[in-house]
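User: Could you take a close look at one part of this structure for me, the internal cavity and the helices around it? I would like a connected account rather than a list.

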Amino acid sequence: MLETAQFGKIGNWRTSLDAIRKSPGNGAESLYFYEWAERPVILSEAYFTENLPESSSFTDGPALIQDIMRGVDSMFLHEFSDFNHEYLSSDGFRPHLLARLKDPGVLHHFIFWDFIKDPTAVAFEWHHFKGHSKLCISMLCGQNYDIYGRPRANAAVGPWKCLIDLYNAYTDHSHDDEYGQKLFREVLAWPLP
């Protein structure tokens with residue numbers, strides 16, 4: 001196992017897409033694909049084959065985990081307060097998230113897609129954790145739901161919209177050996193149609 005590991009600078013979905021728009025054909029698309037699909041899959045696979053430690057053992061891992069959890073804690077305290085007790089319970093969503101963040105591929109994914117700034121993405125992960133598979137599939141098809149499971153009139157936007165577009169592009173085709181498919185199926189364990 002690698003003794004020291006570091007995430008280093010993790011890209012961001014918005015700046016990556018802006019780079020593609022500003023310089024098409026200059027490698028920006030390859031870098032974007034690497035950042036959203038290849039790197040998280042590589043990190044996750046290395047973690048599960050014990051070639052990389054868990055995220056908290058990366059030199060910058062504890063700070064990244066703390067940032068994610070601080071953001072999600074705040075969201076449940078202020079925006080999802082009805083669920084805060086269940087979130088904090090010993091078998092609740094918070095311990096579940098902390099366990100998932102041990103996988104460096106998942107941590108990279110959450111940072112790249114601005115997870116802590118996106119209540120829809122957090123609501124999706126909550127429903128995924130709760131086993132609401134029909135609702136999750138509906139969300140992955142573009143229907144927007146809140147954390148209560150109520151449909152929202154507004155359409156998905158921002159990083160969540162971009163991510164579900166990628167999800168649908170990679171599940172509509174037979175890409176079983178490609179990184180995009182592996183990210184959704186193996187790293188995130190999202191329901192596939």
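Analyst:

**The cavity and its helices**

Happy to. In this predicted model, α6 (104-112), α7 (119-130) and α9 (158-171) each give at least two residues to the lining of the largest cavity. A search of the whole structure turns up one cavity of 30 Å³ or more, and the volume of the largest cavity is about 80 Å³.

Let's go round the wall. The lining includes His 109, Phe 110 and Trp 113, along with Phe 115, Asp 118, Ala 121, Phe 124 and Glu 125. Pro 159, Trp 160, Leu 163 and Trp 190 also belong to the lining. By class, nine of the lining residues are nonpolar, one is polar and two are charged.

Two of these lining residues lead us on to helix packing. General background helps here: a pair of packed helices is described by the angle between the axes and the distance between them.

Start with Phe 110, a lining residue that also takes part in the contact between α3 and α6. Helix α3 (residues 61-78) packs with α6 at an angle of about 55°, the axes being 11 Å apart. Because of that angle, α3 counts as oblique to α6. The crossing of α3 past α6 is left-handed. On the α3 side, Gly 61, Leu 64, Ile 65 and Ile 68 make the contact, while α6 brings Leu 107, Phe 110 and Ile 111. This contact has six nonpolar residues, one polar and no charged.

Leu 163 is the other link: it lines the cavity and helps make the contact between α9 and α10. α9 and helix α10 (residues 179-187) pack at an angle of about 110°, with 9 Å between their axes, so the two are roughly perpendicular to each other. From α9 come Leu 163, Leu 166, Tyr 167, Tyr 170 and Thr 171, and from α10 come Gly 180, Gln 181 and Phe 184. Here the classes are five nonpolar, three polar and no charged residues.

How values were computed
Residues numbered from 1 in each chain as written. Predicted model: local features only at pLDDT ≥ 70, side-chain atom pairs only at ≥ 80, totals over all residues. Heavy atoms only, no water. 1 Å grid on protein atoms, 1.4 Å probe; cavity = no way out; pocket = protein on both sides within 12 Å on 5 of 7 lines; lining within 4 Å. Points joined across faces, edges and corners; volume = space filled by probe spheres on them. Helix = DSSP H or I, 4+ residues; strand = E, 2+ residues; numbered from the N terminus. Nonpolar A, V, L, I, M, F, W, Y, C, P; charged D, E, K, R; others polar. Axes fitted to C-alpha atoms, helices over the stretch in contact; angles between N-to-C directions. Parallel < 35°, antiparallel > 145°, perpendicular 65-115°, else oblique. Left-handed = near helix turned anticlockwise from the far one by under 90°. Contact = heavy atoms within 4.5 Å.
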